[in-house]
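This report goes through a single protein chain, beginning with its internal space and ending with one lysine. The sequence and structure are shown below.

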Amino acid sequence: MKTIRLGTRSSRLALWQAHWVRNELVKNGVAVEIFPITTTGDKTQSGPIEKLGAQGVFTKEIQKALLRNEIDLAVHSLKDLPTESIDGLTLAAVPRRENCQDVFVSSKYSNLAELPNEANLGTGSLRRQTQIRYIMREHFGKSINVHDIRGNIETRLQKLETEHFDAIILAAAGLKRLDFENRITSYLPVSLVMPAVGQGALGLETRLDDFQTIDSLKSIEDQPSHLAVLAERSFLLTLQGGCIAPIAALATLVCDSSNAWQLKLQGRILSLDSSKMFETLLSTPIHFSESTSAEFPSIELKRTAEILGNNVAQKLLDLGASDIVREINQKRLKSANGTSNLN
């Protein structure tokens, strides 16, 4: 068997993820060599990420290397991977998903509810910013100052103190993977702050016709995680929101009392000024058993998950979210032309 050339971003977290994938494949007799690649998003570490323009700032260079046959496998944080398909490439496998929640990190307060009025909170995510503003107003009757914060996990943790934030919001998965779990002050319930599409999951991307590499990924495939992120990504694609929009979703596979599987998807979208929020929850039957969890989903199961995502998005649009989507796309167009941004 050939040695798989694995491409990854060069950040500490991305390298951790790449080494984890390599180690899991090596356990099954697959030889892997890691190739770090610097992306546009890695080169620009200041200012709102929306100012970087189009989607894929953390993935495009890696995908180009795949298409040029310079690497065989790309490891992405799925929340960074655009939903639009790339000719010749495929999302081949999804390992078991890590905790997808966001977390509250503070040296002063225990949770969101304790934050005082006009507290200063740092997060670089528009999805988090809009949800936090909405929650603080609607649930706790407070106003909050939300500031953009970028950089790797260590940098953000340092900025918590050096830039005098009362708290910052980060993803649980990244903190756990880099052994910073002790810095988590509290976990944010998904009922309050829903995660980004694909958050906590890794996406293993290959060339569509590289059957040898695809077959080698069976050992780390997790079908429940794969189906869940397919539903979420279909939801995002239908809304045409992109991975930096104020859109959140969470799909889960649950087994009811009659041992029947259901794929549930909750979707949420907020206006840019946090004045409006729409959300809904739908489910669909999945003919799935735990004994097949390490197999790739069939075409039929993939389609079922994607239809669920589409249906949740359509329901939100019917509820009135179409105006928000229009606003997001107008802002994105202006940002791409250099006349505005999504803040």
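## Cavity, chain and selected residues

The largest cavity is lined by Arg 9, Ala 14, Gln 17, Phe 58, Thr 59, Ile 62, Val 75, His 76, Ser 77 and Asp 80. The model is a predicted one. By residue type, this lining divides into four nonpolar, four polar and two charged residues. Two elements, helix H1 (12–26) and strand E3 (73–77), each supply at least two residues of the lining. E3 gives the largest share, with three residues. About 60 Å³ of space lies in this cavity, and the structure holds one cavity of 30 Å³ or more.

The chain as a whole has 343 residues, and buried residues make up 53% of them. Its secondary structure consists of nine helices and 13 strands. The area exposed by the chain is about 14,900 Å², of which carbon and sulfur atoms supply 48%. Contacts between residues at least 6 apart in sequence were also sorted by separation: 74% of them join residues at least 24 apart.

How many disulfides does the structure hold? The number is zero. A disulfide is a covalent bond between the sulfur atoms of two cysteines. Two cysteines, Cys 100 and Cys 255, appear in the table below together with Lys 176, each with its relative accessible area.

| Residue | Relative accessible area | Class |
|---|---|---|
| Cys 100 | 12% | buried |
| Cys 255 | 38% | partly exposed |
| Lys 176 | 26% | partly exposed |

Cys 100 counts as buried because its relative accessible area of 12% is under the 20% cut-off. Cys 255, at 38%, is partly exposed, because that class covers values between the 20% and 50% cut-offs.

Lys 176 sits in helix H6, which spans residues 172–177. Is this lysine buried or partly exposed? With a relative accessible area of 26%, Lys 176 is partly exposed. Leaving aside residues up to four places away in sequence, Lys 176 touches Glu 98, Asn 99, Glu 181 and Tyr 187. One of these contacts, Glu 98, is 78 residues from Lys 176 in sequence, and their C-alpha atoms are 8.8 Å apart in space.

Methods:
Residues numbered from 1 in each chain as written. Predicted model: local features only at pLDDT ≥ 70, side-chain atom pairs only at ≥ 80, totals over all residues. Heavy atoms only, no water. Disulfide = S-S within 2.5 Å. Buried < 20%, exposed > 50% of the residue type's maximum accessible area, 1.4 Å probe, protein only. 1 Å grid on protein atoms, 1.4 Å probe; cavity = no way out; pocket = protein on both sides within 12 Å on 5 of 7 lines; lining within 4 Å. Points joined across faces, edges and corners; volume = space filled by probe spheres on them. Helix = DSSP H or I, 4+ residues; strand = E, 2+ residues; numbered from the N terminus. Nonpolar A, V, L, I, M, F, W, Y, C, P; charged D, E, K, R; others polar. Contact = heavy atoms within 4.5 Å. Areas by Shrake-Rupley, 256 points an atom, 1.4 Å probe, with all protein chains shown as cover.
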